[in-house]
Structures are given as structure tokens and as C-alpha cells.
Amino acid sequence: MTTHSTRRAATAAAALTLTLALTLALAACSPSAEPSRASSGAPAHDDGPTAALSHIHGLGLRGGSLYVATHQGIHTPGADGSPVLVGDRRDDFMGFTVTADGDFLASGHPAPGTGGPADLGLVTSADSGLTWREKSLAGQVDFHALDTARDSTVYGYDSANGLLRVSADGITWDDRAALRALDIAVSPADPATVLASTESGVARSTDGGRTFAPGAGRVLAYLSWGSPDALFGVDPDGVLFRGTDGGARWTRVSTVPGGAPQALTVVDARRLFVATGDGVYESRDAGRTFERRMAVRAADGGH
């Protein structure tokens, strides 16, 4: 088989894997996927040395602390690397991001038995996830990906409708392009430049997500643009790539431990976090090596 044929076969396989991931993502999480669990009401508690978390949806850093958005609430690593629940909410936080001001933005579904609409819309926390308040679109939208631009514009991918929505204040939203995507990333240098991971490659918009060029090139699952010189993507097999030329070119860096990726967050050109099947890994050398920061094991009801 020629090198060109090998590359095409690998791209096709990655696209198929991403298609399956997209199918699961667009189907969303069922609010009744797992039984309701009583909360202790304590600000945080340890879920065990290798807690069962069915899926990780997002990662963020605030004040040097790592926060992990999961199917069972927001967690942070304990001293021994075990997940510690933040607050007492075990909502299924799908989209999740930390703003430049340190506020948490999230979306998803309420925990079973807690009442309220099936879709959280956009919710926000100013105290690192201890308490949350409704911001907008409650009962209307489930964002599976969230990101913010340098001017605080909020970009959200509405998975149920396959639509990118954009808001200057997190309250009033403008509907932008219709597309089928798994993740989005906004340029730190230009709020109008947005990338989306699709089953045909990375799609690019230069008009604030109103239109996207067709996905092309590298098929990636998750994207994160931490600073102008720190664009990374990870493919469905856990291979990490670094992007240049605004995402037009991708260079292989390494393979992340732990299997298929579940989330990616880039802090700067050297520091990044990737969630995989057995935990959350941190790199401080631009993705060349990784150290596990939080250990998890798969639970029933994953997606």
C-alpha cells in the first residue's frame, strides 16, 4: 500500500470513529441514564481513590486548581489524585469552560430526581462550582461545547439543533451556522475566527461562526486554543497534534495515555490537559510527556 493510500485509510478510519462519537454526542445524555443519588450537602467530598465517572465532558483551570466537568457533576483532584465532588450538584455538565475572569460557564442536564427542565441552557458559577445560577435558555438548549473570545463573547454549540449560537452577554443569543460538530475553539487573537471539529476535518470560520468552510485535512475530535501560539487538537485515537497557520496545518506531537480522548483544554504553549478513559492527564512540555492528575474508572451509563 502506498504512503498516500495509507494516509487516506487512516483518515477514513478517524472520520468513522468521529462519526460514531458525533452520533453519541448529538443524541445527548438522558437525564434518566442513572439513578438519583442522595447528596451529603457538604461543599465537597471524596468519591474514592478511583471513582466511577461515566464520562468527562470538559476541563478548566482556576487559581491553579483543575476542575473537571463530568456526567456526575464538577470534580477536582484530591491530594491522592482521586476525584472530589465540588458542591453538592451532580448535574450532567456537558459544555463547560472557565472565562478569563474565572467564572464557570456550563450546560447539560439536571441530575435525576432534582426537577427542573431537561436542558439547563447556560448556567454560571462565580465560586468555582459551589453554587450555580441560571443565565439563559433554560429548558431550551443543551450546549455540548462552550468557548469564550477575548472580548467575552460566548460561543456555544447547540447539539440538538446542530447550530452554533453566539452571545455578547450570555443572555441574548444570535443563531449562526448550522453544522455537525463535536467541539469548537475560538482564536485568542481574533474573536471572529472559530474552528470546529467535524467528521470531514477541521472546519474554519472567519466571520464569527456565520459561515464555515467545509471541514478538511486532519480529522480531530477535540480542539483548544489557549493562546495565539497554542492551538492543539487530539484525534479519536488520542494522538495529539499542534496546529499552525490558524489550524490549516497540524503536526503530530505524541499519543496521550489512557485511550480515547474525552476533553482537551490548553492553558498556554507548554501546558495542557487531556481527559481520557482512565483519568485526566497534564503536560507541561507542550504535549511531549504527560502525568496523570486525576484517576477515574468507567461507570455504567457512560456515553
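A salt bridge is a side-chain nitrogen of Lys or Arg within 4 Å of a carboxyl oxygen of Asp or Glu. Side chains of opposite charge can pair when their charged atoms come close. The model on screen is predicted, and a search of the whole structure finds 10 salt bridges. This tour visits some of them.

**Stop 1: R284 and E282**

Select R284 and E282 and show their side chains. They meet in a salt bridge, with 3.1 Å from N to O. Is each partner buried or exposed? R284 counts as exposed because its relative accessibility is 54%, and exposed means over 50%. E282 is buried, at a relative accessible area of 7%.

Now add R271 and R293 to the selection. Salt bridges with shared partners join R271, E282, R284 and R293 into one network.

**Stop 2: R165 and D158**

Next, select R165 and D158. Their side chains form a salt bridge, at 3.0 Å from N to O. Both residues are buried. For R165 the relative accessibility is 14%; buried means under 20%.

**Stop 3: R165 and D175**

Keep R165 selected and add D175. Here too there is a salt bridge, and the closest N and O atoms are 2.8 Å apart. Which parts of the chain does this pair tie together? R165 lies in strand β13 (residues 163–167) and D175 in strand β14 (residues 174–178), so the pair links parts that are 10 residues apart in sequence. Colour the two strands to follow this. D175 has a relative accessible area of 43%, which makes this residue partly exposed, whereas R165 is buried.

Definitions and conventions. Residues numbered from 1 in each chain as written. Predicted model: local features only at pLDDT ≥ 70, side-chain atom pairs only at ≥ 80, totals over all residues. Heavy atoms only, no water. Buried < 20%, exposed > 50% of the residue type's maximum accessible area, 1.4 Å probe, protein only. Helix = DSSP H or I, 4+ residues; strand = E, 2+ residues; numbered from the N terminus.
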